[in-house]
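Work through the exercises below with the sequence and the 3D view at hand, and try each task before reading its solution.

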Amino acid sequence: MAIGAGPRKTGGVSQTGYGAGTIARMHSALPGRVPLIVDVDTGIDDSLALLYAVASDEAELLAVTCSAGNVDARQVAENTRAVLELAGRPDLEVALGREVPLARPLETTPETHGPRGIGYAELPPARMPLSTRHSADLIIEAARARPGEITMVTLAPLTNLAVAVLREPALPRLLRRLVVMGGSYRSPGNTAPTTEWNVYVDPEAARVVFAAFGDPSLPARPLALGLDVTERAKLTPEHLERLAALAGDDAAAPKSPIIRYLVDALRFYMEFHSRYDGFYGAFIHDPLALAASLDPALVRAEALTVEVELGGTFTTGETVTDWRRVWRKAPNVDVAVEADATTFMNRFVERVARLAAARAGVAS
């Protein structure tokens, strides 16, 4: 998920190894764990969310699907696999999906995440194979294999999930729940005055998803975390220093691979926020959404009716929210209105530090 503003936007992978039966062979959820498929457009904060997922004992990370957004989809797939290898999970299936939005030209945001999407960080080329499956097929086949078990977490434009639900209209009933990082519900936007990046990039996809997953006959509405909540998750240099220290490293001269990655990636992100948002730090939107998928108690939500604007002169991509219930429509989204950012930030620091320490031991 990018946090750049609209006027600042600028607008050959191996596919072997994984077959359609990969997730089908995972017959049931591991006790006490949350089965997840995560859709990303890796970017810096997407990469932090992946590290958090790997570091969280309650997460049963099944697969990762890749959408275009922060960078082009092929670069997203490269970044995603490289980060998972860094985290020690080269076994995970990573799939590439549709490479452009449903109806609009693709916009990316190199000024926010860097030309390759990971700031100043350098990672070895990914060795793990890219899935032979399209992201939409992976999502559908996994949901059919484990009906009612899997939580889908989208940290990117909703293109892949829209394609999946158009191919399989029963998908909202097959998934346990959908958690979305996207939208600007009662705060200014970060791409245009009223629009958030993930929805802005592919508003048609967002409309498809909100309509399908917001059907009032479904047992659970999608949970959406917008900017007014995710911007409370603010990572500062002090957090990074504490994380490095807990991992037995030094943020000023990092030696372990994960700490070095965090320092180099986040330096770019923090410089961006310093230029445009008035503080030296970083909003880590995507890790908060991932954390809320594992522990819904981290957020408080209200059931609301949300429509996505497609034709506004200045507001295309706006998540228009009926706070006063004047439409008198059934709510279709649980919109997060509060977040326990302190608890989340402590967990992020402690869990990623633990993972960094463990991986430093492997690297040495």
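**Exercise 1.** Which side chain meets that of Asp 334 in a salt bridge?

*Solution.* Begin with what is being examined: this is a predicted model, in which local features need pLDDT of at least 70 and side-chain atom pairs count only at pLDDT 80 or more, while totals for chains, interfaces and linings use all residues. Residues are numbered from 1 along each chain as its sequence is written, and side-chain values use heavy atoms, with hydrogens and water left out. Next, recall that a salt bridge is a side-chain nitrogen of Lys or Arg within 4 Å of a carboxyl oxygen of Asp or Glu. The partner is Arg 177, with 2.7 Å from N to O. The two lie in distant parts of the chain, 157 residues apart, since Asp 334 belongs to strand S12 (residues 333-339) and Arg 177 to strand S5; strands (E, at least two residues) and helices (H or I, at least four) are DSSP runs numbered from the N terminus.

**Exercise 2.** Decide whether Asp 334 and Arg 177 are buried or exposed.

*Solution.* Buried means under 20% relative accessible area, exposed over 50%, and partly exposed in between (1.4 Å probe, protein chains only). Asp 334 has a relative accessible area of 12%, so Asp 334 is buried. Arg 177, at 24% relative accessibility, counts as partly exposed.

**Exercise 3.** Explain why strand S5 is largely enclosed by the rest of the structure, and find the strands that pair with S5.

*Solution.* Strand S5 covers residues 177-181, and 4 of these 5 residues are buried, so the strand is largely enclosed. Two strands pair if DSSP finds at least two bridges between them. Strand S4 (residues 151-154) runs parallel to S5 and is joined to S5 by 4 bridges, with Met 152 standing opposite Leu 178. Strand S6 (residues 223-225) also pairs with S5 in the parallel sense, over 3 bridges, and here Val 179 stands opposite Leu 223.

**Exercise 4.** Describe the salt bridge between Arg 144 and Glu 168, and compare the accessibility of the two partners.

*Solution.* First, the distance: the side chains meet at 2.7 Å, N to O. Then the location: Arg 144 sits in helix H4 (residues 135-145), whereas Glu 168 sits in the loop between helix H5 (159-167) and helix H6 (171-174), 24 residues apart. Finally, the accessibility: Arg 144 counts as partly exposed at 48%, while Glu 168 is buried at 14%.
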